[in-house]
Amino acid sequence: MKLKKSYMGFVVWMILFCAASVGVSFLPIRDSSITTRIVYNICAWGITLLAFIIYKTEYVYWYNGTSYEEAVEAGSERRKRYAWMHFKRFALFSIVFFLFSILAKIFVLSFWIDTVVFLVGFIGVAISTIWIKL
């Protein structure tokens, strides 16, 4: 696959991500814990979707620390492997957090627990990708 430099997909993703995040406030939900859980899941799945888009397009230079020139030099196979490793981590986190959200609602846990689990988990996953090399 020949790589061409473009950020249009990222811009479109960002607009849709922001619209989905803000759009939750227009839902007729009065329970703030449900709204919070929905927003956190939109964030988790939104980042997972971005990682999948990067995997499919091989635009790994969208990731911080990777330049377009490095991406071109790496070749298609290495770009795919690099993007797949990112996608797997974020997808696993999204699945686990989604299941946690359901259990948290069933067991009537405070949404503050969701906040801590989301932040620690998300930051942990992001940090875990630092050692993935192109």
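**Group meeting: the main pocket and the aromatic pairs**

Okay, let's start with the largest pocket: 22 residues line it, and the ones nearest its centre are Tyr 63, Asn 64, Thr 66, Tyr 82 and His 86. Before I go on, keep in mind that this is a predicted model. The volume of that pocket comes out at about 440 Å³. Which helices supply the lining? At least two residues each come from α2 (32-57), α3 (68-74) and α4 (76-106). As for chemistry, the lining has 13 nonpolar residues, with five polar and four charged ones besides.

Now, a couple of single residues. Gly 75 sits in the loop between α3 and α4. Is Gly 75 buried or exposed? Well, partly exposed, because its relative accessible area is 22%, and the cut-off for buried is under 20%. Gly 75 and Leu 134 are 59 residues apart along the chain, and their C-alpha atoms are separated by 9.6 Å.

Then there's Met 85, over in helix α4. Met 85 is partly exposed too, at a relative accessible area of 30%. From its C-alpha to that of Ile 123 you have 16 Å, with the two positions 38 residues apart along the chain.

Right, aromatics. How many aromatic pairs does a search of the whole structure find? The count is 22. Take Phe 90 and Phe 122: that pair is tilted, 5.9 Å centre to centre with 55° between the planes. The two rings link distant parts of the chain, since Phe 90 is in helix α4 and Phe 122 in helix α5 (residues 111-128), 32 residues apart. Phe 90 counts as buried because its relative accessibility is 8%, while Phe 122 is at 22% and so counts as partly exposed.

The next pair is Phe 97 with Phe 118, and this one is edge-to-face, at 5.4 Å between centres and 65° between planes. Again we go from helix α4, where Phe 97 lies, to helix α5, where Phe 118 lies, so the pair ties together parts that are 21 residues apart in sequence. Phe 97 is buried, at 1% relative accessibility, and Phe 118 is buried as well, at 6%.

There's also one aromatic cluster to look at on the screen: Tyr 7, Phe 10, Trp 13, Phe 17, Tyr 59, Tyr 61, Trp 62 and Tyr 68.

Last thing, a charge over a ring. Lys 80 lies over the face of Tyr 55, and the distance to the ring centre is 4.5 Å. That's it from me, happy to take questions.

Note on methods. Residues numbered from 1 in each chain as written. Predicted model: local features only at pLDDT ≥ 70, side-chain atom pairs only at ≥ 80, totals over all residues. Heavy atoms only, no water. 1 Å grid on protein atoms, 1.4 Å probe; cavity = no way out; pocket = protein on both sides within 12 Å on 5 of 7 lines; lining within 4 Å. Points joined across faces, edges and corners; volume = space filled by probe spheres on them. Helix = DSSP H or I, 4+ residues; strand = E, 2+ residues; numbered from the N terminus. Nonpolar A, V, L, I, M, F, W, Y, C, P; charged D, E, K, R; others polar. Buried < 20%, exposed > 50% of the residue type's maximum accessible area, 1.4 Å probe, protein only. Phe/Tyr/Trp six-rings, centres within 6.5 Å; stacked < 30°, edge-to-face > 60°. Lys NZ or Arg CZ within 6 Å of the ring centre and 35° of its normal.
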